[in-house]
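These are my notebook entries on a single protein chain. I record what I looked up and what I found.

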Amino acid sequence: ILLFQSLAAGFGAFIGSFAYVYAPASVITSAKRTGAILWSIITGRKIFHEQHVVIKLVLFVVLVVGVALLAMS
């Protein structure tokens, strides 16, 4: 399990480093943070049984729209 986690983290860092070549750093950073928010919503629901998931998902969609608008500018 530890080897798989290490390889997955290394592969993610490798792919993420190429993203900075194709887009501005502000867009990449915003997209990474938005992805982290999605994972926190999913794990919060599965592990901690958090409430109001629908509101969090709606706000996540708002963040995705914001990142898309940022990328288009």
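**Entry 1: Model and overall fold**

I began with where His52 sits: His52 is found in the loop between H2 and H3. Before going further I noted that the coordinates are those of a predicted model. I then looked up the confidence, and the protein averages a pLDDT of 92, with 100% of the residues scoring at least 70. By element, I found the lowest confidence in helix H1 (residues 2-22), at a mean of 92, and the highest in H3, at 94.

I next listed the secondary structure and found three helices and zero strands. Along the sequence, I read the pattern as α-α-α.

**Entry 2: Dimensions and surface**

How does the radius of gyration of the protein stand against that of a compact globule of 73 residues? I found 15 Å for the protein, where such a globule would have a value near 11 Å. Taken along the principal axes, the C-alpha atoms fill a box of roughly 40 × 40 × 10 Å.

I looked up burial over the whole chain, and buried residues make up 12% of the 73 residues. The exposed area of the protein is about 5,900 Å², of which carbon and sulfur atoms supply 77%.

**Entry 3: Helix H2**

I then turned to H2, which has 24 residues. From its first C-alpha to its last I found a reach of 33 Å, close to the 34 Å expected at 1.5 Å a residue.

Which residues of H2 are buried? I recorded Val27, Ile28, Thr34, Ile41 and Gly44. I also checked what these buried residues pack against, and the partners are H1 and H3.

Two of the buried positions I followed individually, beginning with Thr34, which is found in helix H2. Thr34 has a relative accessible area of 9% and therefore counts as buried, the cut-off being under 20%. Leaving aside neighbours within four places in sequence, I found Thr34 in contact with Phe60, Leu63, Val64 and Val67.

The second position was Gly44, also in helix H2. Gly44 has a relative accessible area of 2%, so I entered Gly44 as buried. Not counting residues up to four places away in sequence, Gly44 touches His49 and Glu50.

For a further residue of H2 I took Lys32. I found Lys32 to be partly exposed, with a relative accessible area of 46%. I also looked up the separation of the C-alpha atoms of Lys32 and Gly16, which is 8.9 Å, although the two residues are 16 places apart along the chain.

**Entry 4: The loop between H2 and H3**

I next examined the backbone of the loop that joins helix H2 (25-48) to helix H3 (53-72), where His49 lies. As a reminder to myself, most residues other than glycine have a negative phi.

Which sign does phi of His49 take, positive or negative? I found a positive value, near 55°, in a residue other than glycine. This residue comes just after H2. I recorded His49 as exposed, because its relative accessible area is 56%.

I then returned to His52 in the loop between H2 and H3. His52 has a positive phi of about 60° although it is not a glycine. With a relative accessibility of 58%, His52 counts as exposed, since the cut-off is over 50%.

**Entry 5: Salt bridge**

How many salt bridges does the model contain? I counted one salt bridge. I identified its partners as the side chains of Glu50 and Lys56, which meet at 2.7 Å, N to O.

I checked the accessibility of both partners. Glu50 is partly exposed, with a relative accessible area of 31%. Lys56 is partly exposed as well, at 30%. Glu50 had already appeared in my notes, where Gly44 touches it as well as His49.

**Entry 6: Closing record**

For the stretch that follows H2, I leave these points together. His49 and His52 carry positive phi values, near 55° and about 60°. Glu50 forms its salt bridge with Lys56, and Gly44 of H2 touches His49 and Glu50.

Terms used: Residues are numbered from 1 along each chain as its sequence is written. This is a predicted model: local features need pLDDT of at least 70, side-chain atom pairs count only at pLDDT 80 or more; totals for chains, interfaces and linings use all residues. Side-chain values use heavy atoms; hydrogens and water are left out. Helices (H or I, at least four residues) and strands (E, at least two) are DSSP runs, numbered from the N terminus. Buried means under 20% relative accessible area, exposed over 50%, partly exposed in between (1.4 Å probe, protein chains only). A salt bridge is a side-chain nitrogen of Lys or Arg within 4 Å of a carboxyl oxygen of Asp or Glu. The radius of gyration is taken over C-alpha atoms; the globule rule is 2.2 Å times the number of residues to the power 0.38. Accessible areas come from the Shrake-Rupley method with a 1.4 Å probe; for residues, only the protein chains shown count as cover. pLDDT is the predictor's confidence in each residue, from 0 to 100. The expected span of a helix is 1.5 Å times one less than its number of residues. Contact means heavy atoms within 4.5 Å.
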